[in-house]
Structure formats: C-alpha cells, structure tokens
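Me: I have a model open and want to learn how to read it. Can you take me through the features one at a time?

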Amino acid sequence: SIDANSIDSKKSSMTSSTFNVIKACVGAGVLSLPAGVSAFSSNPTALYPSITLMLFLGILSGYSFNTIGKICKMSGSKSISEAWEKTVSDNSLPISLACFLTPLGAALSYSIILADTFSSLSTALGSPVSRSKSIIVLSATILYRLCRMKDLSSLAPVSIVGVGGILATCFFMATRAVGDAYKMGGGMYGLLSAAGRPVFDGGVVKFFDLKALVLVSMAATAYLSHFNAPDFLNDLEDNTEERFKKLVTRGFGITAVISAAMMSFGFLTFGGACQGVVLNNYADFDKGATLCRGLMALSVIGSYPFVFSGMKNGFFSLVGKKEVSPRADKTFVRVGLTVITGLALVLKNAGFISAFMGAVCGSAIIYIFPSVMFLKYVKDAGRRETAFNYFLIALGAVFGVAGGAVSVLDAFFPKFLA
C-alpha cells in the first residue's frame, strides 16, 4: 500500500472523525449547489424537488462510502485501488484513474474559489490584489505546507473551525434570504451588476428537464470524499464495522442538512442569477459576505489537503508505485500544486468543474465501483441488497453519461438546452 498517507498514526475519536468527514465533503461543492437549481428553474418552488434530491443522494452516497469501508475492512485493504485488486480484478486502471481525476477536479475547484475569494476580500479591505497573485502566493505557502502533511488526523482542530465557518456562512445566507437587502430597493441591490441581480419567475418547474442533471452532478461533488474512505476507516479509534457505520451516518447526515440548507438560502436570494460559486453573487462591500468569504476560505483550505491526498494516492496507484519515497512525495506535491495553480489561472468557472467531474468521475466512485466490489466479494448478501447494488450501478452509468454531457452543454452550448 502507499505509505505516504496511510502510515500508522494516532487514532481519531468519533467526534474528530465526524468533523473530518464533514469537512472532507463540505467544501467547494456546496457553494455551487444554488447554481444547480437555477440551471433548470428560477421558480422558488423548484427547491422542493431539489431538497428531496439532495437528501436522497446523501443517503446513497453514505451507503456507498460505508460499503468501501466494509470491503476494505474485510479484505485488509488500505486504498480503494488495493480493494479493487483484491475483490474484482488485478487491473485497477479504471478505478485508479477515477481516484486521480476526481480529487484533481475538486482541488482545481478549490483553487478557483480561493483565487476569487481572496481577490474579493482584498477589494473589500481596500487593498485590491488580483486573483492570479492571490492563488500563486497561497499555493506556494499555506497549501504547499498542508499538502506535505502525512497525518491528516492532526487537522481535526482546523476541521472543527472550518465546520464552524460553514455553519456561520449558512446562517448569514439565511439572514440574507429572509431579509430585504438583496431585494429590489434594498441596500445591496444597487451595488450589484444588472446580470447579478436576483431573477425569479412563476414558470412551471421542469424537474425532469435535462438541465436538472446539472444539480445531480453537483450533488455528487458535494458528497464526494469516497477516495478517502479507507483513510477514515484506518484513522478511526476502535474501527469496527459498527463504529465506522455510525461515523458515516453522522458525517453524511450532517453534510446532507448543511448542503440542502445552503442550496436553499442561496437560491432564495438570487434565483436564476446564481453564479457557479454563490458567494460571488453577494456585493463586495457586504460586510457579512466579506466575513463569510474569509470563513469559507478557511474551510476550503482545511479541505484542500484531503482532496490533494486522494489525488496523490490515485496518481501513485495509477503508475503502479506501491512504495513512495519522501522525495517522490515532495516532488509530486510541488508539481501537482503547480499544475493545478496554472489551470486555476486560466479556468474561472468552478461550477462547471464541479458538475462535470461529479458526473463523470464522481458517479463512478460513488455509485459504480463500490457496488461492483460488493457484488463480487460479499457472497452472503440478501436479495434486496444485491438488487440495490445493481440499481446503483445502473444509476451511476446514467448520471455519468447524461450528466457529463448536459454539464458541458449547459456551460458552453446553452442554446442546445433552451
């Protein structure tokens, strides 16, 4: 197994592990969810099916996360790729590729968000700094040091602060949603550009429109931390199957509630005008938004090493490297951060990255790969659970193909979906 991120370390308590699971899930993805709703409707009633969808997908994601832990426990595996090799096939190329590309997309989304966030913060503070300079400096200093860490369980305090920041941001978004500041005639309304002002209509909600798949794809990213499931299992104190299941229930349950709430509050404020990262909708000189940008930046920074670790593990599995030297680990962090930072300087739509990667790779990791391993390895499963895993495989295939195509069309060829 890869020793760069799975070495023996101090075990995490249930509470610390729960915060880490929440932080690993709730990052860039949750800020894109309001745009997922606005992709198919500007009617506030669109939230009813959207919330139902978010909670349903949260249950499915938690189940598959637990399945990965269960398979790793039964097979004695330290990574998803190793579990695949022991339970399905010696050829782990598909899963290694997905486990590399998915966190790569998440890290890229995080970098784009951090670039926008720090640029907005500097403007609000009266000392404007370009988004390019912001992400370059951040990558070369804080992110580099965090990505070099081998024991991510020590980030529990950061995760706790990060979750607190997420909850504070959720509260701020709730106050703006029920208040008048961003309504016509409100104090912040005039500070928005014409394109950024709230848009609502009473049109029919077409939830079964193809554009709704954008939200489905984004939801996959909002719950996606499955490539780190083996690490959470290994780091958990007294990591029995029952305790791991309890961890998953807590972590994904809280994540589902937070995701549904932030999606709702953002959409209720801006409707069809929601941007790929909803915090970008709020006025630069909204003091509450400025505070939340800082808190969410801290939250995203806290999540960054988790997704980067998943990307690193996926890469070394992809190239067949079982043992990773400190030098190779250091080189990968430097090269990986440089590439991601370079892409973040060019690409600016975090919503598209979130939707596309969630559809294509996220669907495979969440729905397809865990179910295939389960069906191949667990011989005493009941008929219902067996049928359910076949259902997840089919669902993942539909989400992956259709969701990926719709995400591309919505971002670059919207006329095709009109």
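What follows is a short dialogue on fold, helices, salt bridges, cysteines and surface.

Me: What kind of model is this?

Reply: The model is predicted. Keep that in mind throughout.

Me: Start with the fold. How many helices and how many strands does the protein have?

Reply: Count the elements first, then look at their order. Here the secondary structure comes to 14 helices and zero strands. From the N terminus on, the order is α-α-α-α-α-α-α-α-α-α-α-α-α-α. The radius of gyration is 20 Å, close to the 22 Å that the globule rule gives for 418 residues, so the protein is as compact as a globular protein of that length.

Me: What does the C-alpha trace span along its principal axes?

Reply: The spans are about 60 × 45 × 40 Å. For burial, 56% of the 418 residues count as buried.

Me: How do I check a helix by its length?

Reply: Compare the expected span with the distance between the end C-alpha atoms. Take helix H10, residues 241–270. At 1.5 Å a residue, its 30 residues should span 44 Å, and the ends are 43 Å apart, which agrees. Just after H10, Gly271 takes a positive phi of about 55 degrees.

Me: And what does H1 give on that check?

Reply: H1 covers residues 14–25. Its 12 residues should span 16 Å, and its end C-alpha atoms are 17 Å apart, which agrees.

Me: Is H1 enclosed or open, and which residues in H1 are buried?

Reply: Look at burial residue by residue. Nine of the 12 residues of H1 are buried, so the helix is largely enclosed by the rest of the structure. The buried ones are Met14, Ser17, Thr18, Asn20, Val21, Ile22, Lys23, Ala24 and Cys25.

Me: How do I spot residues that are far apart in sequence but not in space?

Reply: Set the sequence gap beside the C-alpha distance. Ala35 and Gly272 are 237 residues apart in sequence, yet their C-alpha atoms are 7.7 Å apart. Ala35 sits in helix H2, residues 28–38. Ala35 is also buried, with a relative accessible area of 10%.

Me: Now salt bridges. What is the general idea, and how many are there?

Reply: Side chains of opposite charge can pair when their charged atoms come close. In this model, a search of the whole structure finds seven salt bridges.

Me: Which one lies within a helix?

Reply: Glu82 and Lys86 are one such pair, both in helix H4, residues 80–87. They are four residues apart, about one turn of the helix. Their closest N and O atoms are 3.1 Å apart. Glu82 counts as buried at 17% relative accessibility, while Lys86 is partly exposed at 42%.

Me: And which one ties two helices together?

Reply: Try Arg131 and Asp116, whose closest N and O atoms are 3.0 Å apart. Arg131 lies in H6 (residues 131–147) and Asp116 in H5 (residues 93–124), so the pair ties together parts that are 15 residues apart in sequence. Both ends are covered: Arg131 is buried at 12% relative accessibility, and Asp116 is buried at 16%.

Me: What about Arg243 and Asp238?

Reply: They form a salt bridge too, with the closest N and O atoms 3.9 Å apart. That falls within the 4 Å cut-off. Arg243 is partly exposed, with a relative accessible area of 23%. Asp238 is exposed, at 52%. Elsewhere, salt bridges that share partners join Arg148, Lys312 and Asp329 into one network.

Me: Next, cysteines. How many disulfides are there?

Reply: A disulfide is a covalent bond between the sulfur atoms of two cysteines. The count here comes to zero.

Me: Why does Cys292 have no bond?

Reply: Check the distance to the closest cysteine sulfur. For Cys292 that sulfur is in Cys170, 9.7 Å away, too far for a bond. A pair must lie within 2.5 Å to count. Cys292 counts as buried at 3% relative accessibility. Cys361 counts as buried too, at 9%.

Me: Last, the surface. Which residues form a nonpolar patch?

Reply: Look for nonpolar side chains that are accessible and grouped. Val335, Val339, Leu343, Val346 and Leu347 form such a patch on the surface. Together they have about 410 Å² of accessible area.

Me: Where does Val346 lie, and is Val346 buried or exposed?

Reply: Val346 lies in helix H12, residues 326–346. At 64% relative accessibility, Val346 counts as exposed.

Note on methods
Residues numbered from 1 in each chain as written. Predicted model: local features only at pLDDT ≥ 70, side-chain atom pairs only at ≥ 80, totals over all residues. Heavy atoms only, no water. Helix = DSSP H or I, 4+ residues; strand = E, 2+ residues; numbered from the N terminus. Expected span 1.5 Å × (residues − 1). Buried < 20%, exposed > 50% of the residue type's maximum accessible area, 1.4 Å probe, protein only. Patch = residues over 30% accessible without salt bridge, like charges linked within 9 Å, V, L, I, M, F, W, Y side chains within 5 Å. Areas by Shrake-Rupley, 256 points an atom, 1.4 Å probe, with all protein chains shown as cover. Rg over C-alpha atoms; globule rule 2.2 N^0.38 Å.
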